[in-house]
Each structure stands twice: as C-alpha cells, then as structure tokens.
Amino acid sequence: MDNCDFAPSHVRGIAPYQPGKPIAELAREMDLLECDIVKLASNENPLGASPRALAAIENVLMEVARYPDGSGFMLKTALAQKHGVEMNQIVLGNGSNDVLELVARAFLTPQSSAVFSQYAFAVYPLAIQAIGARGIEAPARHFGHDPEALLAAIAADTRILFIANPNNPTGTLLEPDRLLALIERIPAHVLVVLDEAYTEYLPDALRSDSVGWLKRFPNLIVTRTFSKAYGLAGLRVGYALASPQVADMMNRVRQPFNVNAFAQAAAVAAMEDVAFLDECLAINRAGMAQLTAGFERLGLEYIPSHGNFVAVRLGDAATVNRSLLAQGVIVRPIANYGMPEHLRVSVGLEGENNVFLQALERALEELEK
Ligand SMILES: *Cc1c(COP(=O)(O)O)cnc(C)c1O
C-alpha cells in the first residue's frame, strides 16, 4: 500500500491547473535569450506595476523578518473606502484564486455541489474537486455564460454558483441588466460567486454595480484581483466582498498570514495610482484593436473580448502554438477548456503585439505547406 493510495479519490483525480509557460523555461528549451521572448500567455499587465507600488515594496523590505499584518488593516481600510463597504465585509486572499478556494472550503462538502459554466475559469472545478464536492457544468451559449442553463443546472444540493464576468478564457460578458436578472433568479440559499478579475477593463456602461448589489443579495460574493489591471500578479493579492456573515465564514478557513507584507503595501499604493491604471486601460484598448485588426487581416475568427486577452480560432491550434513557441512567442493553448481550435493571447505592448502577429502569420503559412 502506497501512502498516496490513502489520498481521497477526488484528490487523486485532480488534473492540475496548467499555467502559462514561464519565459525562462522556453529560453532553456529553445536556446533563446529571455529578452527575445514575448509572453502573452497569462493576462499579465504589459506595463508592469505602478512605480508607486514598487516604491511601497521597497519601504517594506527592511521589515521582511516580521510577519505581515494578518488582519490586513491598511489594505482593508483602503478597500472599504474605495467600495463603500465595512471592513468586516472584506476577505483578503493570496490572489483571488485563494479567495475562490476559501469559498469552496467554507461552504462545500462532499455531499454538496457547485455550478459553473462551460468554458469558465478553470479554477472553479479545481476548487470544487479539492473538497470532493460535485461540480456541475452548465452548457455555454456562444462561448459565454447562459443564464437559463446556469439556473437549470442548480440541484437540490447546490451551494455555490460561480460566474466569471468577464469570463476567462473567452472574454465574454453578461451585461449589467442580464447579470442582475440572473442573480435575482438564483435561490437565496445558493451563494453566487461573481468573479470580476477583469472588471477594470470595462467601460462604465458595461460595468455592473455588483458591490452595490451586496446590500440586496446576502448570498452574493464579489471577487477582485490586483493581478491583472493593477499589474501585481507576482505578489498574489486579491479579495472578496460579501455580507459580514459570509466573510466571517471565509475568514475562518483562511491562513492567518495569507497575504504577505509586500503585497499588502503594493496593493494600497496601486489603488492610489489612478493615472497609471488609466494608462494601462488605454494601452489595453489600443492593443486589443491592434490584435483584432490583425486577426481580421489574416481572415481569422475571434471571440470579441471584454478583458485584456482574446481567444482566436486557428483550427489546428496545437500546431500553430508549436510554431509560435519555436519563434519565441508564448500564448495560451486552451484545449484543456474544451477549445482545441483556439489560442488565447493576452494584449501586450504595441511591439509585442506586432511580434506575435508576425509570428502568427508565419505559423499559418507553415500550416498551409
Ligand atoms: C486571473 C484570474 C483570476 C485571479 O487570479 P489571481 O492572480 O489569483 O488573483 C480570477 N479569476 C479569473 C477569471 C481570472 O482570469
């Protein structure tokens, strides 16, 4: 008998999350210089982080021997002010990934289930499976969340329904009125996790008043991250907003020091740097237009996206991806999402987008040979 045989079957059955290929790894494999590689694979901020966030990290450096503030007081104070919520409605996470797991751990059991959409963010089924709960996948519509299908998927034992808005990897969006109509129809005993990792990229007209909805829906949990528009992916910091009671349950299963001191300080500074955020959003708009214009020129179909990435349909995406890698360009295959014909590309700087589009054109030419 092997020790691993005693791991629960739901743990043994987990297919691990597939992250984007690190630049250093491709450099080793292809004998390339790291500086010659373009990575558009993990929806990272191509402008990096706000200089103010970097300065905040430097200020904390000398405190590295001390534990971080386990209550996250400064960050929660800033978040409470930004969102107009109470401190006890906030749960900080080691990335919003952590927060998603906290929801699962606090509210699921092997006897319950959770609902998510086909093509939705891969972390939901993983978090559900880690508990041994049952994941229920509702069919998507035009690659996006289908409210009717999600409602129909809710079972008697369903405790959580996950919604990614905008969704990753498809970039699809439920507009505010459709989203609200969906949440209104979800039974009050089912927690709604509204994952808004890309909400900063939305124009005001398409952004839901999700935080305002918390007052009306005690079963609503809104999650946000500093990894994308704020450019702090490497630090791992995100958060959830919920009713004080739900937040309390999540905090009970949280590691006491789950958000490190650098992340806390940088997140506060990043939030203050509105000018940097605006610049990032402008670069993203321009880059998205550049990529989609390139796809149209190449006669490629893509899924119109509301995030900082776009899924483009290539047919034999695996072969195209191999060619891109050989040319030093890392994007994200999404066959594991059931989308073997697409690649997901993150919006980069103008030069990076150009390198990618040229490499893509070359890859498509090779494919035709
Ligand atoms: C990137 C992403 C997250 C969170 O990432 P963290 O780095 O863990 O905060 C959450 N949800 C979606 C849909 C994402 O794409």
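The largest cavity in this predicted model is lined by Asp69, Gly70, Ser71, Gly72, Lys76, Leu92, Arg254, Pro256, Phe257, Asn258, Val259 and Gln264, and its volume is about 50 Å³. Apart from such cavities, the structure has a pocket that is the largest one and whose space is taken by the ligand, and it has two cis peptide bonds, one from Asn165 to Pro166 and one from Asn168 to Pro169. The points below take up the cavities, the pocket, the ligand and the backbone in turn.

**Cavities**

- Rolling a probe the size of a water molecule over the atoms shows where empty space is left.
- The structure holds two cavities of 30 Å³ or more, and the second largest of them contains about 40 Å³ of space.
- In the lining of the largest cavity, four residues are nonpolar, five are polar and three are charged.
- The second largest cavity is lined by Asn45, Pro46, Tyr201, Cys280, Ile283, Asn284, Asn308 and Val347, a set that divides by class into five nonpolar and three polar residues, with no charged residues.

**The largest pocket**

- The largest pocket, which is the space taken by the ligand, has a volume of about 670 Å³.
- Its lining is made up of 30 residues, and those that lie nearest the centre of the pocket are Tyr17, Asn97, Phe121, Lys228 and Arg236.
- Helix H6, which covers residues 123-131, and helix H5 each supply at least two residues of this lining, and the largest share, five residues, comes from H6.
- Sorted by class, the lining of the largest pocket contains 13 nonpolar, ten polar and seven charged residues.

**The ligand and its surroundings**

- Around the ligand are the residues Gly95, Ser96, Asn97, Phe121, Asn168, Asp195, Ala197, Tyr198, Thr225, Ser227, Lys228 and Arg236, which divide into three nonpolar, six polar and three charged.
- Helix H5, running over residues 95-107, gives the most to this shell, with three residues.
- On the backbone side, a polar atom of Asn97 is 2.9 Å from an oxygen atom of the ligand.
- Among the side chains, an N or O atom of Asp195 is 2.6 Å from a nitrogen atom of the ligand, while a polar side-chain atom of Tyr198 lies 2.6 Å from a ligand oxygen atom.
- Of the 380 Å² of accessible area that the ligand has on its own, the protein covers 94%.

**Backbone features**

- Most residues other than glycine have a negative phi, and most peptide bonds are trans.
- The peptide bond from Asn165 to Pro166 is cis, with omega near -5°, and Pro166 is found in the loop between strand S5, residues 158-164, and helix H8, residues 176-185.
- The peptide bond from Asn168 to Pro169 is cis as well, with omega near 20°, and Pro169 lies in the loop between S5 and H8; Asn168 is also one of the residues around the ligand.
- His142, a residue other than glycine, has a positive phi, near 50°, and His142 is found in the loop between strand S4, residues 134-138, and helix H7, residues 147-153.

Terms used. Residues are numbered from 1 along each chain as its sequence is written. This is a predicted model: local features need pLDDT of at least 70, side-chain atom pairs count only at pLDDT 80 or more; totals for chains, interfaces and linings use all residues. Side-chain values use heavy atoms; hydrogens and water are left out. A residue is near a molecule or strand if one of its heavy atoms lies within 4 Å of it. A polar contact is a pair of N or O atoms within 3.5 Å; within protein, one must be able to donate a hydrogen and the other to accept it, and residues adjacent in sequence count only if both atoms are side-chain atoms. Accessible areas come from the Shrake-Rupley method with a 1.4 Å probe; for residues, only the protein chains shown count as cover. On a 1 Å grid over the protein atoms alone, a cavity is a set of points where a 1.4 Å probe fits but cannot get out, and a pocket is an open set with protein on both sides within 12 Å along at least five of seven lines; lining residues have an atom within 4 Å of a point. A molecule sits in a cavity or pocket if more than half of its atoms lie within 2 Å of its grid points. Helices (H or I, at least four residues) and strands (E, at least two) are DSSP runs, numbered from the N terminus. Ala, Val, Leu, Ile, Met, Phe, Trp, Tyr, Cys and Pro count as nonpolar, Asp, Glu, Lys and Arg as charged, and the others, Gly among them, as polar. Grid points are joined across faces, edges and corners, and a volume is the space filled by probe spheres set on the points.
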